[in-house]
Amino acid sequence: MPRVNHFEIMSEDPEKTIAFCSSVFDWTFRKWSGPFEYWLIKTGDPAQPGIDGGLSRGEPVQQTVFSMDVPELDPLLEKAVKAEGTIVQPKDPIPGVGWFAAVRGPDGNLFGLMEEDPAVR
């Protein structure tokens, strides 16, 4: 069963968002060393229930994207389309991490899907 394991925030001014979330929520941010601007967000003690996330430069969306680890992305994308969902971000590689895609359910909710594969280039 896919379980939520990550959330993402988009910001046109990541530095301002980082300052806000650090000040208000005590979140910590670490710049990712990958091929695009991305910060990993630690929201608290890993021993406590909760999830961590990420921050990317881009136009803010009207909802936070919650991502789930999935064992295989392609079959899940097929299931989403059969269930009247829409693929809004096709399967894309994230070098050294895996494959990512996003689907929107028939009610408009957005879901991120991640298939881990460190060999992806």
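The second largest pocket of this predicted model has a volume of about 180 Å³. Lining this pocket are 13 residues, and those closest to its centre are Ala80, Val103, Arg104, Gly105 and Phe111. Three elements, namely α2 (73-82), β7 and β8, each give two or more residues to the lining of the second largest pocket. Among these elements, α2 gives the most, with 3 residues. Sorted by chemical character, the lining of the second largest pocket holds 9 nonpolar, 2 polar and 2 charged residues.

Attention now turns to the largest pocket, for which a volume of about 710 Å³ was computed. Its lining is made up of 27 residues, with Glu8, Tyr38, Ile94, Phe100 and Met114 nearest the centre. A helpful way to find this pocket in the structure is to follow the strands. Two or more lining residues come from each of β1 (3-11), β3 (38-42), β4 (53-57), β5 (65-69), β6 (86-94), β7 (98-104) and β8 (110-116). Of the elements around the largest pocket, β6 provides the largest share of the lining, 5 residues. The lining residues of the largest pocket divide into 16 nonpolar, 6 polar and 5 charged.

Which elements are worth tracing when looking at the second largest pocket, as those that give two or more residues to its lining? They are α2, β7 and β8; β7 and β8 also appear among the elements that give two or more residues to the lining of the largest pocket.

How values were computed. Residues are numbered from 1 along each chain as its sequence is written. This is a predicted model: local features need pLDDT of at least 70, side-chain atom pairs count only at pLDDT 80 or more; totals for chains, interfaces and linings use all residues. Side-chain values use heavy atoms; hydrogens and water are left out. On a 1 Å grid over the protein atoms alone, a cavity is a set of points where a 1.4 Å probe fits but cannot get out, and a pocket is an open set with protein on both sides within 12 Å along at least five of seven lines; lining residues have an atom within 4 Å of a point. Grid points are joined across faces, edges and corners, and a volume is the space filled by probe spheres set on the points. Helices (H or I, at least four residues) and strands (E, at least two) are DSSP runs, numbered from the N terminus. Ala, Val, Leu, Ile, Met, Phe, Trp, Tyr, Cys and Pro count as nonpolar, Asp, Glu, Lys and Arg as charged, and the others, Gly among them, as polar.
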